[in-house]
Each structure stands twice: as structure tokens, then as C-alpha cells.
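Trainee: I've got the structure open and I'd like to go through some of the labels people put on it. Can we take them one at a time?

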Amino acid sequence: MSDYRSRIVTQGVERALHRYQLRSTGLDDQAIEQPFVGVAHTLGEVSPCSQSLKSQVDAAKLGIEVGGGTAREFSTISVSDVLTQNHEGMRYSLMSREAIADSVEIVMRAQQYDALVGVGACDKTIPGMLMAMVRLNVPSLFLHGGTMLLGFVGGKPTNPLA
């Protein structure tokens with residue numbers, strides 16, 4: 001257990017403030033002793049492929065907890081390729097994958113998380129998450145959010161955020 005990267009944040013008298021901060025996020029002693037697994041996602045209202053990720057994120061967190069880890073959820077950006085076409089916004093679509101990779105890497109390295117589950121479903125979020133995983137060289141799993149659902153069926157939304 002001492003090989004976990006997160007031990008640098010959780011072990012020793014000099015890390016008492018760190019443990020206090022972790023407890024302030026709702027963790028107890030048992031959760032602090034377990035490996036920390038980052039759950040990075042692109043959930044948001046930017047695109048239909050981002051809106052249906054909540055259930056996958058929740059399932060990933062539950063699986064981590066059942067498996068003896070402590071899930072630490074965080075989000076990153078998402079840019080819709082469709083909505084960026086035919087105007088200045090198209091200059092930002094491709095570079096968004098670099099920003100995704102950078103932001104996931106920053107959180108994972110800064111927080112010293114032990115493993116990563118990435119959840120995404122759009123053209124640039126998938127490679128962005130995978131690029132972060134390669135850079136990090138920690139145990140990682142990518143979970144594809146599935147195909148984009150229609151916006152409405154029978155007048156009811158099919159892509160709820162909740």
C-alpha cells in the first residue's frame with residue numbers, strides 16, 4: 001500500500017493539514033487510506049454527447065468504491081465540433097483536445113491520484129482523455145459515454161444532466 005502516489009498527500013504527521021482538507025471534502029479515515037482514483041469527465045451542456053455522461057460517471061464512481069478505492073470526480077472542458085463550424089470557433093476545436101489532456105494531467109499530478117477513469121464521448125474529448133492517460137502512465141480506463149441520444153422523444157428530453 002505504501003507504493004500509492006497518494007501516500008505523499010495522506011501519510012505522516014506533516015500531512016495533517018492535507019488529511020484535514022480531505023475530511024472537509026467528506027472523506028473518512030478509511031477513504032483516505034484507500035488508493036485515490038480520479039474520475040475525469042466532460043459532462044456539460046455544450047453538446048448532446050456530453051449531456052448523457054452522468055450515469056456513466058456515477059457507475060464508475062460506484063465501481064471504484066466497491067473495488068476498494070476512493071473516487072475523486074473532476075471535470076474538464078468539451079467543445080462541440082458541430083457548433084464550431086463555419087465561424088471563428090472552428091479554430092478552437094482541435095486545440096481543445098490538448099486543453100483536455102493538459103487539464104486532466106494537471107489535476108492528476110497535482111492531487112497525486114493513483115489511477116484514472118476517463119469518461120467522454122465526443123470527437124475531441126476521447127483523444128484528449130487518452131492523451132492524458134498516456135502522459136500520466138498510471139493505471140487508467142476510458143469509458144465511452146455511448147452514442148448521442150436524440151434531443152427529445154415524445155416531447156421529453158432524452159439527454160438529462162441529472
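Trainee: Why is Y113 called buried?

Mentor: This is a predicted model, and in it Y113 has a relative accessible area of 10%. Buried means under 20%, so Y113 counts as buried.

Trainee: What makes F74 buried?

Mentor: The reasoning goes like this: F74 comes out at 11% relative accessible area, and the cut-off is under 20%, so F74 is buried. F36 is buried too.

Trainee: Why is the pair of F36 and Y113 called edge-to-face?

Mentor: Two numbers settle that. The ring centres are 6.2 Å apart, and rings pair if their centres lie within 6.5 Å. The planes are at 75°, and over 60 degrees counts as edge-to-face, so the label fits.

Trainee: How do you know that this pair ties together separate parts of the chain?

Mentor: Look at where the two residues sit. F36 is in strand β1, residues 36-41, while Y113 is in the loop between α6 and β3, so the pair joins parts 77 residues apart in sequence.

Trainee: And why is the pair of F74 and Y113 called tilted?

Mentor: Their centres are 6.4 Å apart, which is within the 6.5 Å limit. The planes are at 40°; stacked needs under 30 degrees and edge-to-face over 60, with the rest called tilted, so this pair is tilted. It also links distant parts of the chain, with F74 in strand β2 and Y113 in that loop, 39 residues apart.

Trainee: What makes F36, F74 and Y113 a cluster?

Mentor: Ring pairs link them. Y113 pairs with F36 and also with F74. A search of the whole structure finds two aromatic pairs.

Trainee: On to Q11. Why is Q11 called partly exposed?

Mentor: Q11, in the loop between α1 and α2, has a relative accessible area of 32%. Buried is under 20% and exposed is over 50%, so Q11 lands in between and is partly exposed.

Trainee: What makes the link between the side chains of Q11 and E33 a polar contact?

Mentor: The distance is 3.4 Å, and the limit is within 3.5 Å for a suitable pair of N or O atoms. The side chain of Q11 also makes a polar contact with the side chain of T10, at 3.5 Å.

Trainee: Last one: how do you know that β3 and β4 pair?

Mentor: Pairing takes at least two bridges, and these strands have five, in the parallel sense. Between them the chain crosses through helix α7, and this β-α-β crossover is right-handed.

Note on methods: Residues numbered from 1 in each chain as written. Predicted model: local features only at pLDDT ≥ 70, side-chain atom pairs only at ≥ 80, totals over all residues. Heavy atoms only, no water. Phe/Tyr/Trp six-rings, centres within 6.5 Å; stacked < 30°, edge-to-face > 60°. Helix = DSSP H or I, 4+ residues; strand = E, 2+ residues; numbered from the N terminus. Buried < 20%, exposed > 50% of the residue type's maximum accessible area, 1.4 Å probe, protein only. Polar contact = N/O pair within 3.5 Å; in protein donor to acceptor, adjacent residues only side chain to side chain. Right-handed = clockwise from strand over helix to strand, strands pointing away.
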